[in-house]
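Here are my notes on the model you sent. They are set out as numbered points, to be read with the structure open.

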Amino acid sequence: MIPFKDDNPRGTTPYVTIALIAINVIVFIYEFSLGQRGFTEFTVKYGLIPAELMSGRDLMAPEMSYLSTSPYLNLFTSMFMHGGFMHLGGNMLYLWIFGDNIEDTLGHVWFAFFYIISGIAATLTFVFIEPSGEVPLVGASGAIAGVLGAYLVRFPYAKVYTLIFLFYFIRIIRLPAVFVLGFWFILQLISGTNSLAVSQSGGGVAWFAHIGGFAFGAILFLVLGKRPKKIHRFYR
């Protein structure tokens, strides 16, 4: 089941959503231009390594000190990096479908704040589950999961156009967001629970970053949604 657009008009141009997509794409193009070794070194240098964040210092071996950065800086840099085309494409698709309406609701500045804080919360959730992990965590999916959580709270019955694969047949159907995003979240919970029994030393999907980002985004949106609304007046 793959969503590809929603039937939910917006009232403003989503400048922040567009900028976030552009930044992620530009960073990935730069990563890709480095070649295989450069790509790997860039990931190690700017990805978030849980064990480093927990210790508050870089754990690189002396001969690899040129890859050292602050783990606190990597809380931010890691959410603008991706491991491959599919990783980037899937994340940006979800951000484009659901991000514009949340930006429209919160406003540009508050949406930028919401996105970054959701990404940090998602990363910290993963670090809590894997505190000794040494595999770099990269990707915007934690922050985007926060956007999905907000969308579910704000627009549960908005229709989402979704590709459904039934063996050799592909159908497009319109489903309520509560079904599409609810199914997505349940899938993360199941996959995350199953991953606890499997070693993550070789990497994989950071399911708990998705779970943490989604839950945090839903709660934060409820808080931000209670902000006093700006009153527009006409003067003569």
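Which residues of H9 are buried? Point 1 takes this up, after a word on the kind of model: it is predicted.

1. The buried residues of helix H9. In H9, the buried positions are Phe208, Ala209, His210, Ile211, Gly212, Gly213, Phe214, Gly217, Ala218, Leu220, Phe221 and Leu224. These buried residues pack against four other helices, namely H5, H6, H7 and H8. H9 itself has 18 residues. From its first C-alpha to its last it reaches 26 Å, close to the 26 Å expected at 1.5 Å a residue.

2. Leu224, one residue of H9. Leu224 is found in helix H9 and has a relative accessible area of 6%. Buried means under 20%, so Leu224 counts as buried. Setting aside neighbours within four places in sequence, Leu224 is in contact with Leu106, Trp110 and Phe114. Leu224 and Phe114 are 110 residues apart along the chain, yet their C-alpha atoms are separated by 8.8 Å.

3. The chain as a whole. The protein chain has 9 helices and 3 strands. Read from the N terminus, the order of elements is β-α-α-α-α-α-α-α-β-β-α-α. Of the 236 residues in the chain, 43% are buried. Among contacts with a separation of 6 or more, 75% are between residues 24 or more positions apart. The pair Leu224 and Phe114, with their positions 110 residues apart along the chain, can serve as an example to look up in the model.

4. The largest nonpolar core. This core has 39 residues. Those with the most contacts inside it are Phe98, Ile102, Phe114, Tyr115 and Tyr151. Two or more residues each come from helix H1 (15–33), helix H5 (85–106), H6, H7, helix H8 (177–195) and helix H9 (207–224). H5 gives the largest share, 8 residues.

5. Tyr151 and the second core. What does Tyr151 touch, leaving aside its neighbours within four places in sequence? Its contacts are Asp6, Asn8, Phe98, Asn101, Ile102, Pro156, Ala158, Ala177 and Leu181. Two residues on that list, Phe98 and Ile102, are also named with Tyr151 among those with the most contacts inside the largest core. There is also a second, separate core of 9 residues, which includes Leu53, Ala122, Phe126 and Val127.

6. The packing of H6 and H7. Helix H6 covers residues 108–129 and helix H7 covers residues 141–154. The two pack at an angle of about 115°, with their axes 7 Å apart. Their crossing is right-handed. On the H6 side the contact is made by Phe111, Phe114, Tyr115, Ser118, Gly119 and Ala122. On the H7 side it is made by Gly142, Ala143, Ile144, Gly146, Val147 and Ala150. By type, the residues of this contact divide into 8 nonpolar, 4 polar and no charged.

7. Ile120 in H6. Ile120 is placed in helix H6. Is Ile120 buried or exposed? With a relative accessible area of 16%, Ile120 is buried, because the limit for that class is under 20%. Apart from residues within four places in sequence, Ile120 is in contact with Phe76 and Met79. The C-alpha atoms of Ile120 and Gly142 are separated by 7.9 Å, and the two residues are 22 apart along the chain.

8. Thr43 in H2. Thr43 lies in helix H2, residues 35–46. Its relative accessible area is 15%, so Thr43 is buried. Not counting residues up to four places away in sequence, Thr43 touches Glu31, Met81, Pro136 and Val138. Thr43 and Leu137 are 94 residues apart in sequence, and their C-alpha atoms are 8.5 Å apart in space.

9. Lys159 in S2. Lys159 is found in strand S2, residues 159–166. At 29% relative accessibility, Lys159 counts as partly exposed. This follows because the partly exposed class runs between the 20% and 50% limits. Leaving out neighbours within four places in sequence, Lys159 is in contact with Asp6, Asp7, Arg174, Leu175 and Pro176. Asp6 is also a contact of Tyr151. Lys159 and Phe179 are 20 residues apart in sequence and 9.7 Å apart in space, C-alpha to C-alpha.

Methods. Residues numbered from 1 in each chain as written. Predicted model: local features only at pLDDT ≥ 70, side-chain atom pairs only at ≥ 80, totals over all residues. Heavy atoms only, no water. Axes fitted to C-alpha atoms, helices over the stretch in contact; angles between N-to-C directions. Left-handed = near helix turned anticlockwise from the far one by under 90°. Contact = heavy atoms within 4.5 Å. Nonpolar A, V, L, I, M, F, W, Y, C, P; charged D, E, K, R; others polar. Core = buried A, V, L, I, M, F, W, Y, C linked by side-chain atoms within 4.5 Å. Buried < 20%, exposed > 50% of the residue type's maximum accessible area, 1.4 Å probe, protein only. Expected span 1.5 Å × (residues − 1).
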